[in-house]
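Reader: I would like a close look at a single part of this model, set against the rest of the chain. Please take one helix and follow what surrounds it.

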Amino acid sequence: MKKITLLLVCLLFIVFVKAQSDSAQIIKEKFEPINLWFVMLTKGAIRNQDSITAQKLQDGHMANMGKMHKEGKLLVAGPFLEDSNWRGIFILKCDNKEEAEALVQQDPAVIAGRLSYEIHPWMTGKNCLFK
């Protein structure tokens, strides 16, 4: 009886170790890191536009986001819901910082100085993106 119990314990241990090894390998295989660019949009230095101009800039800002999304460059965008210096974010899929900066600099609100920005390299897993 002791031999059977010992044999069962050994078999369970082997199965447990093998399962842990397989799980670690699955996690390693599924996590595919991708490098992205996190853009923090902040209040720009020029925010004294009249309401009609401000609305035109906002419309252009939204159109630019639509364009970047259609090109597969803009993965996530959105405003902050409080009135602070932080206005919103972009997460861009670009080859390098220069490409990300060129996209942000095409934004009408940035061009007009209503928005400013900071760009930071950011990484996530390919399977960790929003759907």
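What share of the 131 residues in the protein chain is buried? And which residues of H2 are buried?

Author: The model is a predicted one. Buried residues account for 28% of the 131 residues in the protein chain. The chain holds 4 helices and 4 strands, and their order along the sequence is α-β-α-β-β-α-α-β. Of the contacts between residues at least 6 apart in sequence, 73% join residues at least 24 apart. The exposed surface of the chain comes to about 9500 Å², with 63% of it supplied by carbon and sulfur atoms.

Now to the helix itself. H2 has 20 residues, which at 1.5 Å a residue should span 28 Å; the C-alpha atoms at its ends are 29 Å apart, in agreement with that figure. Its buried residues are Ala 54, Leu 57, Gly 60, His 61, Asn 64, Met 65 and Met 68. Viewed down the axis of H2, these buried residues fall within an arc of 145 degrees, so they line one face of the helix. An α-helix has 3.6 residues a turn, so residues three or four places apart point the same way. On the other side of H2, the exposed residues are Ser 51, Ile 52, Lys 56, Ala 63, His 69 and Lys 70.

The cover over the buried residues of H2 comes from elements that include S1, S2, S3, H3, H4 and S4. His 61, a residue of H2, serves as an example. His 61 counts as buried because its relative accessibility is 8%, where the cut-off for buried is under 20%. Leaving out residues up to four places away in sequence, His 61 touches Leu 41, Phe 90, Asp 107, Pro 108, Ala 109 and Leu 115.

The two ends of the helix can be taken in turn. At the N-terminal end of H2, Asp 50 acts as the cap, with a side-chain oxygen 3.0 Å from the backbone nitrogen of Ile 52. After H2 comes Gly 72, which has a positive phi, near 80 degrees. Gly 72 sits in the loop between H2 and S2 and is partly exposed, at a relative accessible area of 35%. The C-alpha atoms of Gly 72 and Lys 93 are 7.3 Å apart, although 21 residues separate them along the chain.

The buried face leads to the core. In the largest nonpolar core there are 17 residues, and those with the most contacts inside it are Val 39, Met 68, Phe 90, Leu 92, Val 104, Tyr 117 and Ile 119. Two or more residues of this core come from each of S1 (33–43), H2 (51–70), S3 (86–92), H3 (97–104), H4 (108–111) and S4 (115–125). Apart from this core lies another, of 6 residues, including Ile 34, Met 40, Val 76 and Ile 89. In soluble globular proteins, nonpolar side chains tend to be buried together. Within the 17-residue core, Leu 92 shows how the parts meet: beyond its neighbours within four places in sequence, Leu 92 is in contact with Leu 36, Trp 37, Val 39, Met 68, Lys 73, Leu 74, Ala 100 and Val 104.

H3 can be read in the way H2 was. The buried residues of H3 are Ala 100, Leu 103 and Val 104. They cover an arc of only 95 degrees around the axis, which puts them on the same side of H3. Among the elements covering them are S1, H2, S3, H4 and S4. The N-terminal end of H3 is capped by Asn 96, whose side-chain oxygen lies 3.2 Å from the backbone nitrogen of Glu 98.

Strand S3 also helps to cover the buried residues of H2. Gly 88 belongs to S3 and counts as buried, at 3% relative accessibility. Gly 88 and Gly 78 are 10 residues apart along the chain, with their C-alpha atoms separated by 5.4 Å. Not counting residues up to four places away in sequence, Gly 88 touches Val 39, Met 40, Leu 41, Gly 78, Pro 79 and Phe 80.

Asp 83, in the loop between S2 and S3, is exposed, with a relative accessible area of 65%. The side chains of Asp 83 and Lys 43 are joined by a polar contact of 3.4 Å. These two residues are 40 apart in sequence, and 10.0 Å apart from C-alpha to C-alpha.

Notes:
Residues are numbered from 1 along each chain as its sequence is written. This is a predicted model: local features need pLDDT of at least 70, side-chain atom pairs count only at pLDDT 80 or more; totals for chains, interfaces and linings use all residues. Side-chain values use heavy atoms; hydrogens and water are left out. A nonpolar core is a set of buried Ala, Val, Leu, Ile, Met, Phe, Trp, Tyr and Cys residues joined through side-chain atoms within 4.5 Å. Buried means under 20% relative accessible area, exposed over 50%, partly exposed in between (1.4 Å probe, protein chains only). Contact means heavy atoms within 4.5 Å. Accessible areas come from the Shrake-Rupley method with a 1.4 Å probe; for residues, only the protein chains shown count as cover. The expected span of a helix is 1.5 Å times one less than its number of residues. The arc is that of the directions from the helix axis to the C-beta atoms. A polar contact is a pair of N or O atoms within 3.5 Å; within protein, one must be able to donate a hydrogen and the other to accept it, and residues adjacent in sequence count only if both atoms are side-chain atoms.
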